[in-house]
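Me: I would like to go through the assignments in this structure one at a time. For each, set the value against the definition and then conclude.

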Amino acid sequence: AEIILLAGSPVGLLKVVRSPDDWHLAQIQIVPEQQGKGFGTTILQKLLADAVQARVAVSLSVLKANPALQLYERLGFRIVGHNDRAYDMKFGA
């Protein structure tokens with residue numbers, strides 16, 4: 001887990017489980033007052049660039065009602081499975 005800082009103050013959290021073939025994005029949170037300012041996009045773009053460099057896929061699960069679904073799709077994640085409540089998504093390799 002990594003704490004996301006802005007000017008030395010915590011504004012979010014990123015949890016990624018890294019294995020040789022896949023990095024699983026377990027959690028990303030941005031404090032409400034900083035949402036919508038591009039922090040999540042920037043953090044995810046860096047993670048995805050690192051994954052491309054490492055030649056691994058990135059996976060995640062997102063609730064169907066979560067507005068972040070649009071962000072993930074915009075960044076290139078694709079839906080690879082689902083259940084009643086959530087989508088399984090994957091980026092890359």
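Me: How do you know that the span of α1 agrees with what a helix of 16 residues should have?
Reply: The expected span is 1.5 Å times one less than the number of residues. For the 16 residues of α1 that comes to 22 Å, and the end C-alpha atoms lie 23 Å apart, which agrees. Helices here are DSSP runs of H or I with at least four residues, strands are runs of E with at least two, and both are numbered from the N terminus. This is a predicted model, where local features need pLDDT of at least 70 and side-chain atom pairs count only at pLDDT 80 or more, while totals for chains, interfaces and linings use all residues. Residues are numbered from 1 along each chain as its sequence is written, and side-chain values use heavy atoms, with hydrogens and water left out.

Me: Which residues of α1 are buried, and what makes them line one face?
Reply: Buried means under 20% relative accessible area, exposed over 50%, and partly exposed in between (1.4 Å probe, protein chains only). Gly 40, Ile 43, Leu 44, Leu 47, Leu 48 and Ala 51 are the buried ones in α1. Seen down the helix axis, the buried residues fall within an arc of 130°, so they line one face; the arc is that of the directions from the axis to the C-beta atoms. The face turned away from the buried side carries the exposed Thr 42, Lys 46, Val 52 and Gln 53.

Me: What covers the buried residues of α1?
Reply: The cover includes β1, β2, β3, β4, α2 and β6. Contact means heavy atoms within 4.5 Å.

Me: Why are β1 and β5 said to stand at the edges?
Reply: Two strands pair if DSSP finds at least two bridges between them. The open sheet has six strands in the order β1-β2-β3-β4-β6-β5, with mixed pairing. β1 (2–6) and β5 (78–82) have a single partner strand each, so one side of each is left without a neighbour in the sheet.

Me: How many bridges join β3 to β2, and how many join it to β4?
Reply: Seven bridges pair β2 (residues 9–18) with β3 (residues 22–30) in the antiparallel sense. Four bridges join β3 to β4, and these two run parallel. Leu 25 stands opposite Leu 60 in β4.

Me: Which residues have the most contacts inside the largest nonpolar core?
Reply: Such a core is a set of buried Ala, Val, Leu, Ile, Met, Phe, Trp, Tyr and Cys residues joined through side-chain atoms within 4.5 Å. The largest has 24 residues, and Leu 25, Val 58, Tyr 72 and Phe 77 have the most contacts inside it. α1 gives the most to this core, with five residues.

Me: Why is Ile 3 called buried or exposed?
Reply: Its relative accessibility is 55%, so Ile 3 counts as exposed. Ile 3 is found in strand β1. Leaving aside neighbours within four places in sequence, Ile 3 is in contact with Pro 10, Gly 12 and Leu 13.

Me: What is the phi of Ala 7, and what is that of Arg 55?
Reply: Most residues other than glycine have a negative phi. Ala 7 has a positive phi of about 50° although it is not a glycine, and Arg 55 has a positive phi of about 60°. Ala 7 lies in the loop between β1 and β2, whereas Arg 55 is in the loop between α1 and β4. At 81% relative accessibility Ala 7 counts as exposed, and at 73% so does Arg 55.
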